[in-house]
Amino acid sequence: MAMRVKLWGVRGSLPSPHSPEQLDARLRSVLQEFFKRGHTSPAQIDAFLASLPLQKRGGFGGNTACIEVFSDTTSLIIDAGSGLRRIGEKMMGGACGLGRGEAHILFTHFHWDHLIGLPFFIPIFVPGNQIHLYAVQPELEDVVRMMFTKPYFPVPFEQLGAKIHFHRLEPRQAVQHGDLRYTPYQLDHPDPCWGYKFESAGTVFSYCVDTEAKRLQPAELGPDLPLYQGVDLMVFDAQYTLLEVTEKINWGHAAAPIGLDLAMREGIKRVLFMHHDPAASDDKIADAERQTREYFQAYQESARAAGRPAPVVEWSFAQEGMVVTV
Ligand SMILES: [Zn+2]
Ligand SMILES: [Zn+2]
């Protein structure tokens, strides 16, 4: 069976829940639309909700970066953003709740939005569990120990119930983990950040968040080019619109059209865009998706006009909770 990916957190920089006022306004507009369409029965609710665009119902999600990658026999977690809390809740229903479980978390880098879920990952407190943490950066252990230090957190590292194992990864060196093989490649971010390419059962998934993608040409990417080659599914940084990217140079994030350019050139089959700006409303994210669609359609039309085949890439903006088969 092919790899599967579950997106537990797709927001960038800061967990971003809806405010009560925003939720009330959303509820009001949904109810108005329900009655405007002449619906009266609870039996019509599911079909009605399914007919609404994402930004008019649940939205894109507010938890920060946390992704689970599954193969037939094993799983890995990428980053410990606030989405990790819900993975912990899920795991507590299995062996982790009995203290006989294990978890494997790969870190891209140590900005808060990729760490903040770790102290709220319940399996880490259960004696008997084995928690394995991996990073290219040598400061992994120092960073994690610092998080579990007063006054930042009440439970010191030494009192965590689970056994914590630290693993240093070598840049661009593949690691076999069960039937998943993964390789770290460097991204373009203000502090060193490593994306990962996963391979299993003939399918390839690349995780490219957080990155400004300053290096785009093959010669610039050099040893990191394989991150984008032979890829079935890529998750890419789209914190900003194209206009915002030009205003936020060196902020470390990209825009969806930049990822699409890479995907079209490298023949990547499917792209999901995430690390949505915490300041962006669901409407603004949906508008960035619309702008990206116009960009993509213009590219396809110009290819056809030039007598070239229009590039085919399946893509969308990621929503928290999505499960995708690679
Ligand atoms: Zn981030
Ligand atoms: Zn970052």
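Modeller: Two strands pair if DSSP finds at least two bridges between them. Helices (H or I, at least four residues) and strands (E, at least two) are DSSP runs, numbered from the N terminus. The model is predicted: local features need pLDDT of at least 70, side-chain atom pairs 80 or more, while totals for chains, interfaces and linings use all residues. Numbering runs from 1 along each chain as written, chains are lettered from A and ligands numbered from 1 in written order, and side-chain values use heavy atoms, without hydrogens or water.

Biologist: Which residue in E3 is the bridge partner of Glu68?

Modeller: Look at strand E2 (residues 66-70) and strand E3 (residues 75-78), which run antiparallel and share 4 bridges. They form a hairpin, with 4 residues between them. In E3, the partner of Glu68 is Ile77.

Biologist: Which residue in E4 is the bridge partner of Ile77?

Modeller: E3 also pairs with E4. That pairing is parallel and has 2 bridges. In E4, Ile77 is bridged to Ile105.

Biologist: Which residues donate to the zinc ion (ligand 1)?

Modeller: Donors are N, O and S atoms within 2.8 Å of the metal (3.2 Å for Na, K and Ca); water is not among the atoms, so sites may look incomplete. For ligand 1, the protein donors lie 2.0 to 2.1 Å away. Their sequence spacing is D-H-x95-D-x64-H. The donors are Asp113 (OD), His114 (NE2), Asp210 (OD) and His275 (NE2).

Biologist: What range of angles do the 4 donor atoms around the zinc ion (ligand 1) subtend?

Modeller: The set holds two Asp OD donors, from Asp113 and Asp210, and two His NE2 donors, from His114 and His275. Around ligand 1 the angles run from 93 to 164°.

Biologist: And which residues coordinate the zinc ion (ligand 2)?

Modeller: Here the distances are 2.1 to 2.5 Å. The sequence spacing reads H-x1-H-x77-H-x20-D. The coordinating residues are His109 (NE2), His111 (ND1), His189 (NE2) and Asp210 (OD).

Biologist: What range of angles do the 4 donor atoms around the zinc ion (ligand 2) subtend?

Modeller: One donor, His111, coordinates ligand 2 through ND1. His109 and His189 use NE2, and Asp210 uses OD. Around ligand 2 the angles run from 91 to 170°.

Biologist: How far apart do the two zinc ions lie that Asp210 bridges?

Modeller: Asp210 is a donor to ligand 1, and Asp210 is also a donor to ligand 2. That makes Asp210 the bridge between the two ions. Their separation is 3.6 Å.

Biologist: How many residues apart are His114 and Asp210?

Modeller: Both are donors to ligand 1. His114 sits in the loop between strand E4 (102-106) and strand E5 (130-135). Asp210 sits in the loop between strand E10 (203-208) and helix H5 (218-221). Along the chain, their separation is 96 residues.

Biologist: Is Asp210 buried or exposed?

Modeller: Buried means under 20% relative accessible area, exposed over 50%, partly exposed in between (1.4 Å probe, protein chains only). His114 has 0%, and His109 has 1%. Asp210 has 1%, so Asp210 counts as buried.

Biologist: What is omega for the peptide bond that joins Val209 and Asp210?

Modeller: Most peptide bonds are trans. This one is cis. A cis bond also runs from Lys150 to Pro151, with omega near 5°. For Val209 to Asp210, omega is about 0°.

Biologist: What is phi of Asp79?

Modeller: Most residues other than glycine have a negative phi. Ser13 has a positive phi of about 70°, and Ser13 is partly exposed at 33%. Asp79 lies in the loop between E3 and H3 and is buried at 0%. Its phi is also positive, near 65°.

Biologist: How far apart in space are Ala65 and Gly81?

Modeller: Ala65 lies in the loop between helix H2 (45-51) and E2. Ala65 is buried, at 0% relative accessibility. Gly81 is 16 residues away in sequence. C-alpha to C-alpha, the separation is 4.7 Å.

Biologist: What is the angle between the planes of Tyr182 and Tyr196?

Modeller: Rings of Phe, Tyr and Trp (its six-membered ring) pair if their centres lie within 6.5 Å; planes under 30 degrees apart are stacked, over 60 edge-to-face, the rest tilted. The search finds 17 aromatic pairs. Tyr182 and Tyr196 form an edge-to-face one, 6.1 Å centre to centre. The planes meet at 70°.

Biologist: Which residues form one aromatic cluster?

Modeller: Tyr182 and Tyr196 are both buried, but they are not the set asked for here. The cluster is Phe236, Phe273, Phe296, Trp315 and Phe317.

Technical notes: Tetrahedral: all angles 85-135°; square planar, octahedral: opposite > 155°, others 65-115°.
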